[in-house]
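Visitor: Before we discuss any details, could you please put the sequence and the model on the screen, so that I can follow along while I ask about pockets and cores?

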Amino acid sequence: MQIEDKKIVVMNYTLTTDDGEVLDQSSDGSFAYLHGADNIIAGLENALTGKVVGDTLNVKVLPDEGYGERNDEMLQVVGKEMFESDDELEVGSQFHAEGPDGQPIMITVAAIEGDNITIDGNHPLAGVNLNFDVSIIDIRDASEEEISHGHVHGPDGHTH
Ligand code: ZN
């Protein structure tokens, strides 16, 4: 069986930057997802298509197939009063906010100058090359329910 749409893929992965910093890795031994359902970033999903159990691969995902390029227009200076509490206000603090189309986005405090706070709406991994070290552990057919929900169901995946 090879990886294609409507398969559940179980894998181990480690995600590092070009400098070797570990950003993320599969916890509890493995990570499961539904292939072809945008569960994972496009660049990684495309590289996994056609792979079989036991395959290992290194995938470099550039920003245009990852979290996008950094966009300076996503930087904005706002007043301190925009924040409910300034207790945790420091460079690097992250907040959930609403994007221009009402979608949830994560903003990061980029700079603080007096009462002027520069916030950055770029994804924290925008502009970053993503290096995935992947080994394929298992591939199975997705159930009808998983396909209709668009995600994998337990024990390695989503539970309701
Ligand atoms: Zn579900």
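Visitor: What volume does the largest pocket have?

Guide: What you see is a predicted model, and the values that I quote are computed from it. For the largest pocket, the volume comes to about 430 Å³.

Visitor: Which element gives the most to the lining of the largest pocket?

Guide: The lining of this pocket has 21 residues, and those nearest its centre are Phe-83, Phe-95, Ala-97, Ile-107 and Ile-119. Two or more lining residues come from each of strand 5 (75-79), strand 6 (94-98) and strand 7 (104-113). With 4 residues, the element that gives the most is strand 6.

Visitor: How confident is the predictor in the protein, and in which strand is confidence lowest?

Guide: Across the protein the pLDDT averages 90, and 95% of the residues score at least 70. Confidence is highest in strand 9, at 97, whereas the lowest mean, 84, belongs to strand 6.

Visitor: How does the lining of the second largest pocket divide into nonpolar, polar and charged residues?

Guide: The second largest pocket, with a volume of about 200 Å³, is lined by 13 residues, and Tyr-13, Leu-15, Asp-24, Tyr-67 and Phe-132 lie nearest its centre. Strand 1 (7-16) and strand 2 (22-25) each give two or more residues to this lining, and strand 1 gives the most, with 3 residues. While the lining of the largest pocket has 12 nonpolar, 5 polar and 4 charged residues, that of the second largest pocket divides into 11 nonpolar, 1 polar and 1 charged.

Visitor: Which strand supplies the largest share of the largest nonpolar core?

Guide: In soluble globular proteins, nonpolar side chains tend to be buried together. Here the largest nonpolar core has 19 residues, and Met-11, Leu-44, Leu-48, Phe-132, Val-134 and Ile-136 have the most contacts inside it. At least two residues of this core come from each of strand 1, helix 1 (42-48), strand 4 (56-61) and strand 9 (130-141). The largest share, 5 residues, is supplied by strand 9.

Visitor: Beyond its neighbours within four places in sequence, which residues is Leu-44 in contact with?

Guide: Leu-44 is among the residues with the most contacts inside the largest nonpolar core. Once the neighbours within four places in sequence are left aside, its contacts are Met-11, Val-59, Val-61, Phe-132 and Val-134.

Visitor: How many residues does the second, separate core have?

Guide: Among the members of this core are Val-78, Phe-83, Leu-89 and Ile-107, and of these Phe-83 and Ile-107 also appear among the residues nearest the centre of the largest pocket. The size of this separate core is 8 residues.

Key:
Residues numbered from 1 in each chain as written. Predicted model: local features only at pLDDT ≥ 70, side-chain atom pairs only at ≥ 80, totals over all residues. Heavy atoms only, no water. 1 Å grid on protein atoms, 1.4 Å probe; cavity = no way out; pocket = protein on both sides within 12 Å on 5 of 7 lines; lining within 4 Å. Points joined across faces, edges and corners; volume = space filled by probe spheres on them. Nonpolar A, V, L, I, M, F, W, Y, C, P; charged D, E, K, R; others polar. Core = buried A, V, L, I, M, F, W, Y, C linked by side-chain atoms within 4.5 Å. Buried < 20%, exposed > 50% of the residue type's maximum accessible area, 1.4 Å probe, protein only. Contact = heavy atoms within 4.5 Å. pLDDT = per-residue confidence, 0-100.
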